Amino acid sequence: MVWDAMQYRLPEIAMQVDDIAEIAGLEHLITETGHNKVINVWKAAPPLPDFLKNMVQPDMLTWTDSAEWNPDSRNCFWNIESHYFREKMICSGVTTYHPALGGKGCRLSFEGELKWHAGALNSIVMQGMDTVLGSLIPSNFRKLSAAVEVFLKQP
Amino acid sequence: MPEMQTLPTSTASARVCIVQNEQRNPADLLAEVLQQAGFEDAIERKRAMLNMGKSYFCILIKPDMELFDHRSNTGTDPLLVEELIDMLHEKGYTNVAVADAEGSASLWLDNREVLVLADLAGYRFVTSKGNAYDVLNLSEATIDAEFPAGSALAGTELSEYWLSAHFRINFCKNKTDEAHGFALGLYNLMGILPLKAKSFHYKLRLKQEEVALDLYRHAPVDFAIIDAWCSNHGSQGSRCTRPLQTCAFIASESLLLADWVGALKMGLDPYLSPLNAAVLRACGLPGNYQMEGDLRPWPGWISPSIHIRESTSKRNASPLTQRLAEACLQTVNTDLFPFKNMVDGRLNAILAHRLKDVDDNSAARWGLTAINYALANLEQFRQGWQVLFDKDSLHRIDTRLNVDIDKLSDADFESIEGYILPFQAILRYALPDRNGLRRRYIDGSIIFEYIRIIPVDYEDFVNRVDISQAVQMMYDNIGGARVVVKSDDQNRTMYQAERDLYLPQPNWMILFGGKHIDVDKLEVIRYNEHSCRNFWRTVHSANQSAEYDDGMVAFEKDPGGTRVTIVARQKFALPLFWQLFDIDYLPDVKEALVSDAYSRFFSRTMANFEAAAEGRVPFIGKAWDTRYAEHAHEGIPPEIEHLKYLFSMLAGMAEKWVRKDNAPAGATALGTDELGFRHFASPGKADEVSEGVSRFFSELAAAIGKDIQLLGK
């Protein structure tokens, strides 16, 4: 259930997460190997410290998430492209879905890497953004994981 | 010859077994210790008593789940818990579950819900022999646990899972603790309490020793096991892993006895933990207890030093520093349990690994001790400030009665009036002093009478000022507990037991280490047509702050309104400084100090009665938030309030020092211009914080000075 909901109902689930303004689905495609390719655009709305609020532009918190879901290994490889930083930032990783709680639950393991091209972090604002994004992306994932539980319990 | 003190003992007998063998595997050793300690007999006795079939007989295991990594050594090994489940299944007990409540860490770490924590920490929900078991959350399905009136936990709920279990097993880890010295079964029992902010609710809002005592008495366990296969020693056994292969298990039907032996095996005094000390003093060990096995301390065991224990306990007296320390110092696998907020995560990354090796690194040890003491001193300063100048910011103290009301007879109450009235007769022949106070000394205690007529009609007065609450309305009462023991046919209180806590008297005694006055009293109340009187006698002082605090308060009809009379006998313990400085050698000074202090105290008490008569609240302090951290927060959390408070005090002091440097009297330095001239604001522009700090010192000086001046008279 969690596996399906995260692939097909993500925009609805995201509505329950305060720090995410919107997730818009752009594309769903089943490949010849049976993998599901999904492209979503995320708009984050995290509570930011006052000193960063004026410096952060909306595009800085918007990214396109391209994911490929493999039903055999129950994992999802994803790649994020920031609308503001574009090629300056590389963020990719894998999310794995395992049975847990003696078969009564599902464990989501999230592993990713955020890299910046040389020179990208030479300003204080960029260093601040590195910190914000570095915690924002996993934090959003955790909040989504909690939201999917609530979503699936709804009648 | 001093009377020999004997330990209280309970009537039940019990034995504790220690089985230690490094050649055996842990499952076999666990089975052996359970067999020796009569585990199955204990279950069967309970089952026979309840007359239940084995498969319906519900057994609940409460392991230590203070785990911050997969099968980390700071809690009971999940695989051993599963071994225990298998053993129970083999004997036909198939209704077995594991349970714990959410802890404080769930406030600052993710994945700490009990089910998720269990899964990540190594519980598999199906044992290696295929026996499925549930993990229950003791923060859920809570119902009134029926703690008795007058107990610290009166009104507290516990999980139905715990309350309805037929047999409860406490399976704790053999580990040290930086504040308690050791953290064994009784410490683990505290984990059944349902509120998440455990440190806040069960250590600060309520006194942890009293909570432990109430839990031990009213939510007991049936069997205790200590997992000492791979123990966790060192100064921070609850916080950091430091394994020691002790290859042993300890088991007993008596939780206290298992802890007793566990502490002895660590080479520690079993009274070292304040939790165990309180319960041992109140309940004692089982009578004729037996200890079977090797009691020699574990070789190579490292216990927390006195510096670490003492400084940690003092640091933890503040909700802010305790919360910060918990989040910043805990060693945690952040892949499994990520921090909820960035700041905690960053602070933890900087501090936790630097301060974890306190036993091997003297810089870390003394660094941690110094930080602890610095934070503790800051907290003492804050408390001093509040007691002296900001009493409304203090929290009222909810506590338990130290009197067992079931053991009281009518005679205990009826004798009080006859004890007090002769003092009033003596005082009738004493001349009033310059403050109008009549007083005499008996056995080092002072007896005195204070009378005031309050211009409020007697009937109106007694309708608004409940005579049964008169003692609680006395000046500087900061909390306590009150239980009505007997009422008359008009539902008026006749007998009651009461515990009262007052701020140190005079308040500036707090600067010399003066303690709160903490007294348990029995009270009898008499009602007549035109008067009512409340007589009280102190029967216990938990912190030995009072030898005598007995008396009477009377409300009587008077042509001028209501005549309020207070007669009292008091003798309070002085801080060490004032014990050394024996003021008895300066009788005139003593007379002046005593008269001034008592007349001030009772005139302010009369003001409280007047306030109550006018419908105003006569109490100081504010109530704790009893649901703190249970729901999404509205408003500012208490830790942040606390931080703001500290910050405003310290910032004000620093600012005062910096700005006042070389400034003209009453002026505040603003800075130096390009020509080197220094500029000053007018005194009227000095900000409120600076003024507050200044006021602190001037009022403190005035308070002490007023009493010191009397020395010269």
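**Exercises on a predicted two-chain model: cores and a buried glutamate**

Of the 114 residues in the largest nonpolar core, those touching the most other members are Ile59(B), Phe249(B), Ile250(B) and Ala251(B). Such a core is a set of buried Ala, Val, Leu, Ile, Met, Phe, Trp, Tyr and Cys residues joined through C-beta atoms within 7 Å. The model is predicted: local features need pLDDT of at least 70 and side-chain atom pairs pLDDT 80 or more, while totals for chains, interfaces and linings use all residues. Residues are numbered from 1 along each chain as its sequence is written, with chains lettered from A and ligands numbered from 1 in the order written.

**Exercise 1.** Determine which element gives the largest share of this core, and describe the surroundings of Ala251(B).

*Solution.* Step one: helix 9 (residues 255–265) of chain B contributes the largest share, 7 residues; helices (H or I, at least four residues) and strands (E, at least two) are DSSP runs, numbered from the N terminus. Step two: beyond four places in sequence, the contacts of Ala251(B) include Cys17(B), Phe39(B) and Ala258(B), a contact being C-beta atoms, placed from the backbone, within 7 Å. Step three: another core, of 40 residues, lies apart and includes Phe535(B) and Trp536(B).

**Exercise 2.** Locate Glu523(B) and state whether Glu523(B) is buried or exposed.

*Solution.* Step one: Glu523(B) belongs to strand 19 (residues 517–527) of chain B. Step two: Glu523(B) is buried because 26 other C-beta atoms lie within 10 Å; buried requires 20 or more, exposed 12 or fewer, and partly exposed falls in between, with C-beta atoms placed from the backbone. Step three: beyond four places in sequence, Glu523(B) contacts residues including Val471(B), Phe535(B) and Trp536(B).

Key: Contact = placed C-beta atoms within 7 Å.
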